[in-house]
Amino acid sequence: ANTLRLYLTCIRNTLEAAMCLQNFPCQEVERHNKPEIELKTGPELLLNPVLICRNEAEKCLIETSINSLRISLKVKQTDELENILTKKFLRFLSMRAEAFQVLRRKPVQGYDISFLITNYHCEEMQKQKLIDFIVQFMEDIDKEISELKLSVNTRGRLVATEFLKQFI
Amino acid sequence: MATIAVHQFAQCITCHAWSPDHSMIAFCPNNNEVHIHKLVEDKWERIHVLQKHDQIVSGIDWSIRSNRIVTVSHDRNSYVWNKEGPDWMPTLVILRLNRAALCVQWSPRENKFAVGSGAKTVCICYYEQENNWWVSKLIRKRHDSSVTSVAWHPNNILLATTSTDGKCRVFSTFIKGVDTRDSGTSSAGDTKFGEQIVQLDLSFCWAFGVKWSPSGNALAYVGHNSMIYFVDEVGPAPSAQTVAFRDLPLRDVAIILIYIDIYITHVRLQVLFVSERMVIGVGFDCNPMVFAADERGLWCFLRFLGERKRSPSGAKYGSQFSEAFGKLYGQSKHGISNDVGEASRSRGGIHENCINCIVPVKKEGESTNTRFSTSGLDGKVVTWDLENQEDLSEYL
């Protein structure tokens, strides 16, 4: 539990520094305004990506540009069952990305889930609340996956007991 | 308290400018319009809406002597608005830009204005009487990326620009027919249009918010890496000082200046005594930062201007939690960090979101100017006064 706190504090501090976004019109196409981190139109507009690793299995990649920020998370998956549960659960969330606004529909290659925050989100919502949301999300994900795993195991046990009762 | 007035005009403000007598304010509420509000009996009323742009208006400047408003927008256009009767009428500006315009400023003599753009060029526009429009000359070379901010030197010829390639450059913008070759400013008058005088490569991150000191001897600009750069003796051998601060980066700076009149017997001599020793920076910290130079000319960060709210509830909550954890798991209280269940600390008092724009508020006829106004993404315009700050008065 100790390392979780440190991990989240580190991510929070990095996000406070990284989430300094401003409105920036596209340099390549006139009258367009694109999130530079996704389209990477100019190398001078991107900052160095920061990778924060808790251990080999859990990490967080924060990539910033002048008007947008991408946060990609890799969640801890200890066995096959957790693997499947994580994939299904995060896919469920990603498909409903519009409701979350800051969620990306597809995670970045090598990660489980990604967020895309643009300067428009920072204008509409408060920066501190956005950071709180991301950190809270990371805490809740672990809890959710463990709960799901528990309930799967419990149900499996109940079903097996019922089924095998007919052979007693 | 350094704030005089706080007003919430819109949800978000991109930029703002004051009328010459400071009774009216023009700002862009983060859309393609420019709203002009007038102070009528202590209440702000919207009197005009200028609607000509198609995309967000990124820069507004209101000239003091000629009472003209220039607006530039992301739709590559610019208009100069003149007050004719009760309405503001736009005049066409031939900008010849093929990307968004990012910033604009009237020159000190108000016969030209400079526009920085995403096309990696700077447009200097001047008025052509025959066709009643403003034509531009472009500084095409030299910039490797978007020009984020422009600032005019008091001599109306030199222009400083900052860009997202991290460099600050000074150009000559002498235009034949518009500018006159002053014998006093011979060094500036010898150069031709678009010639780069000096290039400052101090920052390895994007540069914003350049301003000249009132005498034109020194420059200040900010980098996104939380550094502010002060450059003295801008010319062939500039000397630079950088001040790194530990908070979030700045977006814009303003130089505080003072005018003092001196009367000598029957001959009235007006001497401009300028305080070159204080700079205010604003940015992502939502609080203006004061930088000052001591007698030796060394710059340093003094303090934040607004009060910083500390959330006392967070600390109490944390200590209760850590006690509980200590009992459950038998760990020492110091081992658990204090931010268990921490809510994020709120930054700054007055502005709730990033401050975009800082403008000096100078009243005509007043001898000293210690006021400025800031506007930000929270939609508020706050006017600040340094008059009552005792610790800052020695620098004024």
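Begin by selecting A:E30 and B:R76, whose side chains meet in a salt bridge with a nitrogen-to-oxygen distance of 3.0 Å. Bear in mind throughout the tour that this is a predicted model. The count of salt bridges between chain B and chain A is one, and the side of chain B that touches chain A is made up, by class, of 12 nonpolar, 14 polar and 11 charged residues.

Stay on B:R76 for a moment and find the loop between β7 (68–73) and β8 (78–84) of chain B, where this residue has its place. Although B:R76 is not a glycine, its phi is positive, at about 70°. Is B:R76 buried, exposed or partly exposed? With a relative accessible area of 22%, B:R76 counts as partly exposed, because the buried class takes in values under 20% and the exposed class values over 50%.

Now widen the selection to the whole contact between the two chains, to which chain B gives 37 residues and chain A gives 32 residues. Together chain B and chain A bury about 2800 Å², and 48% of this area is on carbon and sulfur atoms. Across this interface there are also 10 residue pairs in polar contact, with both residues at pLDDT 80 or more.

Next, turn to the largest nonpolar core, which has 32 residues, and select A:I62, A:L69, A:I71 and A:I117, the residues with the most contacts inside it. Which elements of chain A give two or more residues to this core? They are α1 (2–18), β2 (59–64), β3 (68–74), α3 (80–95), β4 (113–118) and α6 (127–165), and α6(A) gives the most, with eight residues. If you centre the view on A:I62 and pass over residues up to four places away in sequence, you will find that A:I62 touches several others, among them A:I11, A:L15, A:V50, A:L69 and A:I71. A second, separate core has 18 residues, including B:W206, B:A220, B:M289 and B:F291.

The last two stops are both loop residues of chain B. Select B:K167 in the loop between β15 (158–163) and β16 (168–172), where B:K167 is buried, with a relative accessible area of 14%. Apart from neighbours within four places in sequence, B:K167 is in contact with B:T161, B:T162, B:Q199, B:L200, B:D201 and B:A207. Finally, go to B:E41 in the loop between β4 (33–40) and β5 (43–51), where B:E41 counts as exposed at 75% relative accessibility and has a positive phi, near 50°, in a residue other than glycine.

Key:
Residues are numbered from 1 along each chain as its sequence is written. Chains are lettered from A and ligands numbered from 1 in the order in which they are written. Side-chain values use heavy atoms; hydrogens and water are left out. Contact means heavy atoms within 4.5 Å. Buried area is the accessible area (1.4 Å probe) that two parts lose on being put together, summed over both. A salt bridge is a side-chain nitrogen of Lys or Arg within 4 Å of a carboxyl oxygen of Asp or Glu. A polar contact is a pair of N or O atoms within 3.5 Å; within protein, one must be able to donate a hydrogen and the other to accept it, and residues adjacent in sequence count only if both atoms are side-chain atoms. Ala, Val, Leu, Ile, Met, Phe, Trp, Tyr, Cys and Pro count as nonpolar, Asp, Glu, Lys and Arg as charged, and the others, Gly among them, as polar. A nonpolar core is a set of buried Ala, Val, Leu, Ile, Met, Phe, Trp, Tyr and Cys residues joined through side-chain atoms within 4.5 Å. Buried means under 20% relative accessible area, exposed over 50%, partly exposed in between (1.4 Å probe, protein chains only). Helices (H or I, at least four residues) and strands (E, at least two) are DSSP runs, numbered from the N terminus.
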